[in-house]
Amino acid sequence: MDHIFFFYFAGVIAVTSLLVVALRNPVYSALALLIMFFHVAGLYVTLHAEFLAAVQIVVYAGAILVLYLFVVMLLNVKTEERYHNQLPVAGLLGVMLCTEVILLLIQSRTAASAVPGDPVITSGNTETIGEVLYSTYLFPFEVASLILLVAMIGAIILAKKDIGDTVQ
Amino acid sequence: MAVPLSYYLILSGFVFLTGVVGVLIRRNIIVILLSVELMLNATNINFVAFSEYFHNVAGQVFVFFALTVAAAEVAVGLAIIIALHRANSSIYVDDLNLLKR
């Protein structure tokens with residue numbers, strides 16, 4: 001049963017990630033990425049990370065992707081006629097890395113095929129994450145809020161229209 | 001019957017590779033940023049899979065930080081794209097050769 005769910009989610013994730021790269025219309029790419037985000041959230045549910053699945057849908061599919069689509073609509077982007085000139089280099093790199101991954105996995109088949117034991121977490125997933133996040137990782141959490149603040153100010157300054165004129 | 005950890009690693013490696021190739025072959029900056037999102041999601045899948053198999057919640061906490069950085073990257077990146085489009089009226093990377101001229 002686990003295998004059925006995994007192969008469904010993994011198959012859809014693989015196909016849609018290929019579509020994100022291959023489709024020439026940016027709107028279609030973004031919509032393929034939306035489907036991928038939903039299926040990654042489903043994969044998180046099968047991995048007992050329910051809170052992360054909800055966050056994935058709310059933040060990635062709800063906020064980040066809407067921002068992308070907003071910019072695509074705002075800039076009125078046309079369909080790409082051709083790929084970049086470095087397509088052969090990229091193909092070579094892709095094939096090389098792919099064979100490397102396959103070779104490594106063949107060599108370490110016994111080590112990598114570990115299966116999970118019984119879960120030791122007894123309380124809920126959200127509760128456990130909250131406890132760890134606000135005790136062990138309190139300082140990184142505060143730094144993350146600082147990163148968001150800097151990104152917010154940076155985005156406003158970069159996208160504001162007349163700010164370059166006043167500087168010059 | 002649980003799914004072995006290596007299956008998740010193969011999946012995340014494949015998605016990451018797709019993102020790398022996407023960054024290299026696309027000319028549209030928006031799609032390049034989408035490919036970066038693909039790579040970030042591949043690492044997130046890895047983090048969550050290891051967190052489940054080693055019974056350590058820290059992996060899921062790190063996904064949060066990756067998510068924060070992804071949100072910041074998208075906000076700043078899209079602002080840069082808007083500024084570029086205003087200055088150059090093009091968002092194709094091979095049109096952006098100001099330093100070459």
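A residue counts as buried here if 20 or more other C-beta atoms lie within 10 Å of its own. By that yardstick, buried residues make up 21% of the 168 residues in chain A. Keep in mind that this is a predicted model. Here's a quick tour of chain A and of how chain B meets it.

**Chain A on its own**
- Chain A has eight helices and zero strands, so to speak a run of α-α-α-α-α-α-α-α when you read along the sequence.
- Take the contacts in chain A between residues at least 6 apart in sequence: 53% of them join residues at least 24 apart.

**Where the chains touch**
- Chain A puts 66 residues into the contact, and chain B puts in 60 residues.
- On the chain B side, helix H1 (5–25), helix H2 (29–54) and helix H3 (58–88) each supply at least two residues.
- H3(B) gives the largest share of that side, with 22 residues.
- By type, the chain B side splits into 44 nonpolar, eleven polar and five charged residues.

**The H1–H1 pair**
- The axes of H1(A), residues 2–22, and H1(B) come within 9 Å and cross at roughly 10 degrees.
- Angles under 35 degrees count as roughly parallel, and H1(A) and H1(B) are therefore roughly parallel to each other.
- From H1(A), the residues making this contact include Phe6(A), Ala10(A), Ile13(A) and Leu18(A).
- H1(B) meets them with residues including Tyr7(B), Leu11(B), Phe14(B) and Thr18(B).
- The residues of this helix pair's contact come out as twelve nonpolar, three polar and no charged.

Technical notes:
Residues are numbered from 1 along each chain as its sequence is written. Chains are lettered from A and ligands numbered from 1 in the order in which they are written. This is a predicted model: local features need pLDDT of at least 70, side-chain atom pairs count only at pLDDT 80 or more; totals for chains, interfaces and linings use all residues. Two residues are in contact if their C-beta atoms, placed from the backbone, lie within 7 Å. Helices (H or I, at least four residues) and strands (E, at least two) are DSSP runs, numbered from the N terminus. Ala, Val, Leu, Ile, Met, Phe, Trp, Tyr, Cys and Pro count as nonpolar, Asp, Glu, Lys and Arg as charged, and the others, Gly among them, as polar. Axes are lines fitted to C-alpha atoms, for helices over the stretch in contact, and angles run from 0 to 180 degrees between N-to-C directions. Angles under 35 degrees count as roughly parallel, over 145 as roughly antiparallel, 65 to 115 as roughly perpendicular and the rest as oblique. A residue is buried if 20 or more other C-beta atoms lie within 10 Å of its own, exposed if 12 or fewer, and partly exposed in between; C-beta atoms are placed from the backbone.
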